[in-house]
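Reader: I have a structure to go through with you. Please justify each label as we go.

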Amino acid sequence: MITNKMIQMLPQALLRSILISAAVILLMMMILFRSVTVGLIAMIPVVFPIVVSMGIMGLIGIELSIASAMAFAVAIGLTVDNTIHLIWNFQKSIRQGLSRPMASSNALHHTGVAAITSSLVLAGGFMSFNFSSVWPVTHFGWLVTLCIVMALLSTLFLTPVIFSTFNIIKPKE
């Protein structure tokens, strides 16, 4: 059957899609921040929610599906958006002469509330899918909510730690 063939192809297609998305995002990050290093390091918090969500799915026995592929796409988009805002503000603060810890605090102050608000609103919206009587819709809502929470944690904790710890962004000379 065509459906069985599609299901068998899904893991490979999902991996290919994630790799293509990651490559395009990496290229855009390198161009935006004018640094190969910043672009590469910025990918860590972008990939983190996907890896953790896939791990949780594996632990509780959920197989890859079209719903999980769409959930990962939402997570990548949200994480990229939040990561760009956070790094942009961090870079701006460093170039204004702030120390890395102060720049991190400043960046979180300027972007954290927006990241938290947008993530909570999106998670709340997708959690409402859990009231559906259609299993794929419920599954999708649960996975997107999980990915959104992982993306928010990545934005609020992982990104600031990475950019505060490593001297990746230099002040203007």
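Author: Start with helices H3 and H5. This is a predicted model. H3 and H5 pack at an angle of about 25°, and their axes are 8 Å apart.

Reader: What makes H3 roughly parallel to H5?

Author: The angle is about 25°. Angles under 35 degrees count as roughly parallel. Therefore H3 is roughly parallel to H5. The crossing of H3 and H5 is right-handed.

Reader: How do the residues of the contact of H3 with H5 divide?

Author: Into 19 nonpolar, nine polar and no charged.

Reader: Why is H4 called roughly antiparallel to H5?

Author: The axes of H4 and H5 cross at roughly 180° and come within 10 Å. Angles over 145 degrees count as roughly antiparallel. That makes H4 roughly antiparallel to H5.

Reader: Which residues make the contact of H4 with H5?

Author: On H4, they include Arg 100, Ser 104, Leu 108, Gly 112 and Phe 126. On H5, they include Phe 140, Val 144, Ile 148, Leu 152 and Phe 163. By class, the contact of H4 with H5 has 15 nonpolar, eight polar and one charged.

Reader: What makes Arg 100 count as charged and Gly 112 as polar?

Author: The class rule. Arg is listed with Asp, Glu and Lys as charged. Gly is placed among the polar residues.

Reader: Now H2 and H5. Why are H2 and H5 called oblique to each other?

Author: Helix H2 (residues 36-60) and helix H5 (residues 135-165) pack at an angle of about 140°, with axes 9 Å apart. Roughly antiparallel needs an angle over 145 degrees, and roughly perpendicular covers 65 to 115. The angle of about 140° fits neither, and H2 and H5 are therefore oblique to each other. H2 passes H5 in a right-handed crossing.

Reader: Which residues make the contact of H2 with H5?

Author: From H2, Ile 41, Phe 48, Val 52 and Ile 56 are among them. From H5, Trp 142, Leu 146, Met 150 and Leu 158 are among them. The residues of this contact divide into 20 nonpolar, three polar and no charged.

Reader: On to empty space. How many cavities of 30 Å³ or more does the count give?

Author: The count comes to one. The largest cavity holds about 40 Å³ of space, which is over the 30 Å³ used in the count.

Reader: What makes this space a cavity rather than a pocket?

Author: In a cavity, a 1.4 Å probe fits but cannot get out, whereas a pocket is an open set.

Reader: Which residues line the largest cavity?

Author: Leu 86, Ile 87, Phe 90, Ser 104, Ala 107, Leu 108, Thr 159, Pro 160 and Phe 163. Helix H3 (66-95), helix H4 (100-127) and H5 each give two or more residues to this lining. The lining divides into seven nonpolar, two polar and no charged.

Reader: What is the volume of the second largest pocket?

Author: About 200 Å³. Of the 14 residues that line this pocket, Leu 15, Ile 18, Leu 19, Val 47 and Ile 50 are the closest to its centre. Helix H1 (2-33) and H2 give two or more residues each. H1 provides the largest share, seven residues.

Reader: How do the residues in the lining of the second largest pocket divide by class?

Author: Into 14 nonpolar, no polar and no charged.

Reader: What pattern does the protein follow along the sequence?

Author: The pattern is α-α-α-α-α. The secondary structure comes to five helices and zero strands. The C-alpha atoms fill a box of roughly 65 × 30 × 25 Å, taken along the principal axes.

Methods
Residues are numbered from 1 along each chain as its sequence is written. This is a predicted model: local features need pLDDT of at least 70, side-chain atom pairs count only at pLDDT 80 or more; totals for chains, interfaces and linings use all residues. Side-chain values use heavy atoms; hydrogens and water are left out. Axes are lines fitted to C-alpha atoms, for helices over the stretch in contact, and angles run from 0 to 180 degrees between N-to-C directions. Helices (H or I, at least four residues) and strands (E, at least two) are DSSP runs, numbered from the N terminus. A crossing is left-handed if the near helix is turned anticlockwise from the far one by less than a right angle, and right-handed if clockwise. Contact means heavy atoms within 4.5 Å. On a 1 Å grid over the protein atoms alone, a cavity is a set of points where a 1.4 Å probe fits but cannot get out, and a pocket is an open set with protein on both sides within 12 Å along at least five of seven lines; lining residues have an atom within 4 Å of a point. Grid points are joined across faces, edges and corners, and a volume is the space filled by probe spheres set on the points.
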